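Welcome! Please take a moment to look over the sequence and the model, and then we will walk through them together.

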Amino acid sequence: MIQRIVRLEFRTEEIEAFKALFEENKEKIRGFEGCNSLKLLQDVNKPAIFFTYSVWNSEDDLNNYRHSELFAKVWKATKSKFAGRAEAWSTDLLHAL
């Protein structure tokens with residue numbers, strides 16, 4: 001399984017619009033084939049910084065999502081709200097307690 005972590009930083013005036021966008025699309029993303037879980041996290045001390053954390057069956061499933069119409073639509077709307085460049089990591093889970 002692939003654990004995908006994406007760091008997003010938004011302009012302050014766009015925070016609520018991003019939250020609404022996520023709320024509108026979270027079930028569609030979570031329902032995408034191969035997605036096992038989806039979380040949205042917000043930094044405690046810097047509220048303009050968010051992280052998405054998703055778990056995918058495989059890198060192929062993640063890439064299928066990343067090349068989908070859904071991703072293109074959501075990413076375009078998300079990107080327009082950025083204060084800085086997004087960062088993303090695909091990781092393997094080594095330990096969980």
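A residue is called buried when its relative accessible area is under 20%, exposed when that area is over 50%, and partly exposed in between, using a 1.4 Å probe and protein chains only. What you see is a predicted model, in which local features need pLDDT of at least 70 and side-chain atom pairs count only at pLDDT 80 or more, while totals for chains, interfaces and linings use all residues. Residues are numbered from 1 along each chain as its sequence is written, and side-chain values use heavy atoms, with hydrogens and water left out.

Let us begin with the strands. Helices (H or I, at least four residues) and strands (E, at least two) are DSSP runs, numbered from the N terminus. Strand S3 covers residues 49–56, and 6 of its 8 residues are buried, so this strand is largely enclosed by the rest of the structure. Which strands does S3 pair with? Two strands pair if DSSP finds at least two bridges between them. Strand S1 (residues 2–9) runs antiparallel to S3, with 8 bridges joining them; here Arg 7 has Phe 51 of S3 as its bridge partner. Strand S2 (residues 35–42) is also paired with S3 in the antiparallel sense, over 7 bridges, and in this case Lys 39 is partnered by Tyr 53. S2 and S3 make up a hairpin, with 6 residues between them.

Next comes helix H2 (residues 59–66), where Asp 61, Leu 62 and Tyr 65 are buried. Looking down the axis of H2, you would find its buried residues within an arc of 100 degrees, so they line one face of the helix; the arc is taken from the directions from the helix axis to the C-beta atoms. These buried residues pack against S1, helix H1 (15–30), S3, helix H3 (69–79) and strand S4 (87–91), where contact means heavy atoms within 4.5 Å.

Now for the charged side chains. A salt bridge is a side-chain nitrogen of Lys or Arg within 4 Å of a carboxyl oxygen of Asp or Glu, and the structure holds 5 of them. We have already met Arg 7, which forms one with Glu 9, their closest N and O atoms being 3.8 Å apart. Arg 7 counts as buried because its relative accessibility is 18%, whereas Glu 9, at 27%, is partly exposed. Arg 11 and Glu 14 form another, with closest N and O atoms 3.1 Å apart. Is Glu 14 buried or exposed? Its relative accessibility is 19%, so Glu 14 counts as buried, while Arg 11, at 28%, is partly exposed. Lys 19 and Glu 16 also meet in a salt bridge, 3.7 Å from N to O. Because they are 3 residues apart in helix H1, about one helical turn separates Lys 19 and Glu 16. Salt bridges that share partners also join Arg 11, Glu 13 and Glu 14 into one network.

Finally, turn to the rings. Rings of Phe, Tyr and Trp (its six-membered ring) pair if their centres lie within 6.5 Å; planes under 30 degrees apart count as stacked, over 60 as edge-to-face and the rest as tilted. The structure holds 11 aromatic pairs. The ring centres of Trp 56 and Tyr 65 are 5.3 Å apart with planes at 25 degrees, so this pair is stacked, and both residues are buried. Phe 71 and Trp 75 are stacked too, at 5.7 Å centre to centre and 10 degrees between the planes. These four residues belong to one aromatic cluster, whose members also include Phe 10 and Phe 82.
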